[in-house]
Amino acid sequence: MSATAVHSLWTTAATAADPIAKIDAPKIEYGQLSPVLIVLGAAIIGILVEAFVPRRSRYYAQMFVSAVALIAAFAAIVALAAGGYGTTKAGIAAMGAVAVDGPALFLQGTILLTSLVGLFTFAERRLDPEQHGNRVDSFAAQAAAVPGSESEQKAVKAGFTTTEVFPLLLFAVAGMLVFPAANDLLTLFVALEVFSLPLYLLCALARRKRLMSQEAAVKYFLLGAFASAFTLFGIALLYGYAGSMSYGTIAKVVDGTVQNVTPALADTMGNDALLLVGSALIVMGLLFKVGAVPFHMWTPDVYQGAPTPVTGFMAAATKVAAFGALLRILYVVLPGLRWDWRPVMWGVAIITMLAGAIVAITQTDIKRLLAYSSIAHAGFILAGVIATTPEGISSVLFYLAAYSFVTIGAFAVVTLVRDAGGEATHLSKWAGLGRRSPLVAAVFAVFLLAFAGIPLTSGFSGKFAVFKAAAEGGAAPLVVIGVISSAIAAFFYIRVIVLMFFSEPRPEGPTVAVPSPLTMTAIAVGVAVTVVLGVAPQYFLDLAGQAGVFVR
């Protein structure tokens, strides 16, 4: 019998046996997914630029592609919000994989704007003195070269630059855009890996202090891999419990409102151990990304060792994405478990606020100090998460938007204070900075006051919103501890301001480099957002309030 005859017999038999022989093509809403698709497309173009554009033109080409992509993606977010996708038309896109709703659009917009400001600090090339007639940036001349080796010296002499940082930034941003919008556990995990892997690489690429930078990347990678493994194991257990990856279906199984219960599902639904352990592991993975105690060990080392532009971008954008995902898991998937997760979150929030504030007092390095400050802020934001009210969601959204711009601005200022060995991050070097460079010191003081939550800064508006939501949600004792932690934290912020303005400058102290308009823009945007959200926050609070409803 010929092969054709066998094939036709086989297809006829299959059609007869299985009436559902045709597989429906997936329905993808490209318009609603356009912000993510624009950024991913630009990242792929960036890789092609690395392959085909001559070396001396790559920097400008990559800068142009990245900036246009981030602006276009933000325009797409604004268009979706104006089209009602944040409110009345909110829904689930991409066959149930991605939610397009208010919180997703608000967080994606925040991530894109902070990434655009972060991009300016990545592209800065005027802070270091020229080497062999070439301008240099914060990144290693040749990432593959061994630190201090002959090949590295040759790369510096030839004027090489690591322009791959731009596509890596875009891939990280694309993952961060999907992360808070993911509506099933598999999409959540894929997004987690897509934004984590580029960050591991970016942390290892510092031009100065290469070994410290590589050590930071290895620590981040190893601890991040553990956290990802916990998350994946939790996903497997939740899938075993509910028989589905979809957030909505899992929530129904948790509540007991699911229809059509099969005997197999009825067996696993009764097994609460799967649900509790699975949920705990997933939340643990997200708390690692947020930098909450006791999953914070990576934060100070990685913030100190990574190139400062990467630290700023990572500190701002990763927190926004991770808190978005955490909110969606707790409010959409596990509202039925509220009485189980709230006490645990209380404990995590309290130790995070206190540990971040107390340990920061002992720090002598400005980047480590900002790292512990970010841990304390994670605790403050968790107070809003614990509120479990619509005000809780909107206060967290507002706090994340306010915090991210202050953070990027603060790290941009850190890149300006330099000595012979690059950035002067030891606090003793900042003594008398206010007399040597009053403008830079004043700007940094504004950011520190915002971190401390002093009135008329965005930090005060954010903290007030979060604590108010927590108090109304029945977590008043948590607010008291939050206020005490803020008072402790204010001590070390004010200490830095006193050091800058009321100490004598050292004769061999650092100089303040004059940046290009790129870094100036990043710092100016940070100051503007800090002041506007502090003096007139109501419009943005209303915006966060309108965006604070998850689609289920």
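# Exercises on aromatic contacts and a pocket

Tyr-200, Tyr-220, Phe-221, Phe-288, Trp-298, Tyr-303 and Phe-411 form one aromatic cluster in this predicted model.

**Exercise 1.** Determine how the rings of Tyr-220 and Trp-298 are arranged, and whether each residue is buried or exposed.

*Solution.* Step 1: the ring centres of Tyr-220 and Trp-298 are 4.8 Å apart, and a pair requires centres within 6.5 Å. Step 2: the planes stand at 10°, so the pair is stacked. Step 3: Tyr-220 belongs to helix H8 (residues 210-242) and Trp-298 to helix H12 (residues 298-305), so the contact links parts of the chain 78 residues apart. Step 4: buried means under 20% relative accessible area. Tyr-220 has 0% and is therefore buried; Trp-298, at 4%, is buried as well.

**Exercise 2.** Classify the aromatic pair of Phe-122 and Phe-313.

*Solution.* Step 1: the whole structure holds 19 aromatic pairs. In the pair of Phe-122 and Phe-313, the centres are 6.1 Å apart and the planes meet at 90°. Step 2: planes over 60 degrees apart count as edge-to-face, and this pair is edge-to-face. Step 3: Phe-122 lies in helix H4 and Phe-313 in helix H13 (residues 308-333), so the pair ties together parts 191 residues apart in sequence. Step 4: both Phe-122 and Phe-313 are buried.

**Exercise 3.** Describe the lining of the largest pocket.

*Solution.* Step 1: the largest pocket encloses about 670 Å³ of space and is lined by 27 residues. Step 2: nearest its centre lie Phe-74, Phe-106, Gly-109, Thr-110 and Leu-543. Step 3: helix H4 gives the most to the lining, with nine residues. Step 4: by class, the lining has 21 nonpolar, six polar and no charged residues.

Terms used: Residues numbered from 1 in each chain as written. Predicted model: local features only at pLDDT ≥ 70, side-chain atom pairs only at ≥ 80, totals over all residues. Heavy atoms only, no water. 1 Å grid on protein atoms, 1.4 Å probe; cavity = no way out; pocket = protein on both sides within 12 Å on 5 of 7 lines; lining within 4 Å. Points joined across faces, edges and corners; volume = space filled by probe spheres on them. Helix = DSSP H or I, 4+ residues; strand = E, 2+ residues; numbered from the N terminus. Nonpolar A, V, L, I, M, F, W, Y, C, P; charged D, E, K, R; others polar. Phe/Tyr/Trp six-rings, centres within 6.5 Å; stacked < 30°, edge-to-face > 60°. Buried < 20%, exposed > 50% of the residue type's maximum accessible area, 1.4 Å probe, protein only.
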